[in-house]
Amino acid sequence: MKKLLKKILITLVAFFMMIAIGFGIYVSDYYKPNHNALEAIRSDNVIKVYNRDSYFLFKGKDVKAGIIFYPGGKVDERSYAPLMRLLAKEGYAVMLAKMPLHLAMFGLNRANDIKKDNPKIKRWYLGGHSLGGAMAARYLSSHKDFEGLFLLASYSTSKLPNHMKCLSLYGSQDQVLNRKSYKKYHHNLPQSTKEIVIQGGNHSQFGNYGFQKGDHKASISYNEQQAQTARAISSVF
């Protein structure tokens, strides 16, 4: 009996070690920012960038509201710096959240700490890309102190308040976004949700991290896709 228990214990330990090793390999393989993204994190005369413990803050001189952004799954948050800079130029204080293991599911409540760290901002919006968007939507399903949500190539599996402002964007060339799930869960968004399809855009170019596996090649540039995205967000919020 003791020998049998010992064999079972050894088998279980080996099993969980394999899971741990596999998970470690999975999270260590993530998309990294390109040169343009790293350049966009630097402060200049127009936008100041601050590196906080749990987020990067992009801020211009005049701030009309705060935006918290959840990055896509297995994407280094710095990859979204160019888009965050564009939003800051539109008059927002933009907080680019840092997620544990580059997975927003492990930092679902990151917005709590970011808001507490910026008490002077009274109007807040939350957004995210892909998995980050899904987690942002889940967060907002139980937090009513945000005025709106924007989803970049994402959808909400949780029901959102009908009074909330909401914007949903995706690229016409996107082959990563699950269109069946997008349509299936569309009813969870407020009835007034504005949907925009960026012609020629794809999944990868909301950030600057290279070409994402399974995506389709975009027919517009990173700059154009992100400029359209920033303008759309500013027009709704």
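In this predicted model, the lining of the second largest pocket comprises 9 nonpolar, 1 polar and 7 charged residues. The volume of this second largest pocket comes to about 260 Å³. Its lining is made up of 17 residues, and K59, A93, N118, K120 and I121 are the ones that lie nearest the centre. Two elements, β2 (55-59) and β4 (92-97), each give two or more residues to this lining. Of the elements, β2 gives the most to the lining of the second largest pocket, namely 3 residues.

Turning to the largest pocket, a volume of about 340 Å³ was computed. Here 23 residues form the lining, with G73, S130, L131, V176 and Q212 closest to the centre of the pocket. By class, the lining of the largest pocket holds 13 nonpolar, 9 polar and 1 charged residues.

The interior packing completes the picture. The largest nonpolar core has 36 residues, and within this core F58 and M84 touch the most other members. At least two residues of the core come from each of β2, β3 (65-70), α3 (81-89), β4, β6 (148-152), β7 (165-171) and α7 (222-236). Of these, α3 gives the most, with 5 residues. Another core lies apart from the largest one; it has 27 residues, including A97, M99, A111 and Y139.

Pockets and core can also be read together through the strands they share. Strand β2 gives residues to the lining of the second largest pocket and also supplies at least two residues of the largest nonpolar core. Strand β4 likewise appears in the lining of that pocket and in the largest core.

Note on methods:
Residues numbered from 1 in each chain as written. Predicted model: local features only at pLDDT ≥ 70, side-chain atom pairs only at ≥ 80, totals over all residues. Heavy atoms only, no water. 1 Å grid on protein atoms, 1.4 Å probe; cavity = no way out; pocket = protein on both sides within 12 Å on 5 of 7 lines; lining within 4 Å. Points joined across faces, edges and corners; volume = space filled by probe spheres on them. Nonpolar A, V, L, I, M, F, W, Y, C, P; charged D, E, K, R; others polar. Helix = DSSP H or I, 4+ residues; strand = E, 2+ residues; numbered from the N terminus. Core = buried A, V, L, I, M, F, W, Y, C linked by side-chain atoms within 4.5 Å. Buried < 20%, exposed > 50% of the residue type's maximum accessible area, 1.4 Å probe, protein only.
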